[in-house]
2 protein chains.
Amino acid sequence: MDSTERLKEKGIRPSHQRIRIYETLASTKAHPSAEAIYKELSEELPTLSRTTVYSTLDLFAEKGLAQRLALSGSELRYDADISRHVHFRCRGCGSVSDLAAVRAPAPPEAQEGYVVESSQFYAEGLCPACSSRLDP
Amino acid sequence: MDSTERLKEKGIRPSHQRIRIYETLASTKAHPSAEAIYKELSEELPTLSRTTVYSTLDLFAEKGLAQRLALSGSELRYDADISRHVHFRCRGCGSVSDLAAVRAPAPPEAQEGYVVESSQFYAEGLCPACSSRLDP
DNA sequence: GAATATATTGTACTTATTACAATCCCGTAT
DNA sequence: ATACGGGATTGTAATAAGTACAATATATTC
């Protein structure tokens with residue numbers, strides 16, 4: 001299924017900007033921030049505005065087309081892979097990757113009165129490159 | 001054990017500011033931000049600086065005296081309860097609470113080359129007050 | 001008690017994000 | 001086809017969280 005269909009399916013009007021933002025997000029495993037996506041697309045779409053990128057990613061997260069990742073780094077990161085998986089943030093280089101070998105916990109059941117809408121499991125530490133660079 | 005001992009135990013010099021910041025953090029279940037702690041202590045310690053609060057909380061997190069919580073809200077929150085438990089952020093009022101009934105997952109085992117130093121599991125949605133206010 | 005190290009303060013700055021008003025663009029009804 | 005209306009996009013300005021840094025104060029060691 002192409003990106004246009006994906007957006008429609010989630011009730012999002014598939015404008016050119018939205019399609020390109022989605023495709024950019026979906027084509028990487030780097031878990032980019034809004035700024036990273038903005039930079040990536042700036043050449044191709046010189047009039048693209050930061051505000052559009054921010055609000056579009058926000059919309060994707062609302063509509064369940066992407067995950068919003070709040071990690072200890074400063075900026076929010078996004079992931080077009082909405083399957084349940086564990087994220088890892090390296091405090092050495094700031095990169096965010098998937099811990100594919102780790103089974104992600106199921107979303108918690110709500111306690112009395114709580115409505116759970118999403119959940120996240122993530123770890124922090126050193127990635128292979130940084131641990132060999134900093135540790136030994 | 002008193003706060004002074006706790007700080008010493010973790011290799012933190014127990015200055016007056018640090019002790020009061022720790023006690024403030026330990027006396028609440030609200031998971032306050034640096035700013036919230038700063039405001040709370042400002043009356044009592046009029047010369048207290050934001051920078052001190054930020055760097056002290058950072059130090060606590062480094063030394064394992066507190067958990068740093070990165071949630072989808074804008075600011076980092078802190079928790080003096082370092083036991084493994086699940087956090088919940090309400091998108092209605094922004095409050096952060098513990099989901100006591102939910103068993104927190106164990107820290108993930110590192111994949112080849114990764115060094116896992118900490119991990120977090122959290123959920124988002126509506127707290128009891130907001131869900132009855134917004135939903136029905 | 002002097003010398004040294006560590007902690008705190010205050011200010012300035014950076015960076016991420018949001019607010020908002022103006023403009024643009026697309027789909028539909030005339 | 002063309003005009004209308006609403007959502008989408010843009011650009012600028014503002015806010016808010018966090019960090020850098022140099023000066024000062026406080027504590028610790030000799």
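**Notebook: a helix pair in chain A, then DNA strand C**

I started with helix α3 (residues 34–42) of chain A and α4(A): their axes come within 9 Å and cross at roughly 130°. Axes here are lines fitted to C-alpha atoms over the stretch in contact, with angles from 0 to 180 degrees between N-to-C directions. Helices are DSSP runs (H or I, at least four residues), numbered from the N terminus. α3(A) and α4(A) are therefore oblique to each other (not under 35, not over 145 and not 65 to 115 degrees).

Before going on, I noted that this is a predicted model, where local features need pLDDT of at least 70, side-chain atom pairs need 80 or more, and totals for chains, interfaces and linings use all residues. Residues are numbered from 1 along each chain, chains are lettered from A in the order written, and side-chain values use heavy atoms, without hydrogens or water.

Next I listed who makes the helix contact (heavy atoms within 4.5 Å). α3(A) gives Ala34(A), Glu35(A), Ile37(A) and Tyr38(A), while α4(A) gives Arg50(A), Val53(A), Tyr54(A) and Leu57(A).

Then I turned to DNA strand C, which 13 residues surround, Leu76(A) and Arg18(B) being among the closest; near means a heavy atom within 4 Å. Sugar and phosphate make up 75% of the strand's atoms within 4 Å of the protein.

I looked up polar contacts too (N or O pairs within 3.5 Å). Tyr54(A) turned up again, with a side-chain N or O atom 3.2 Å from a phosphate oxygen of DNA strand C. For Arg18(B), the side-chain distance to a phosphate oxygen is 2.8 Å. Thr51(A) puts a polar side-chain atom 3.3 Å from a base nitrogen.

Notes: A polar contact is a pair of N or O atoms within 3.5 Å; within protein, one must be able to donate a hydrogen and the other to accept it, and residues adjacent in sequence count only if both atoms are side-chain atoms. Helices (H or I, at least four residues) and strands (E, at least two) are DSSP runs, numbered from the N terminus.
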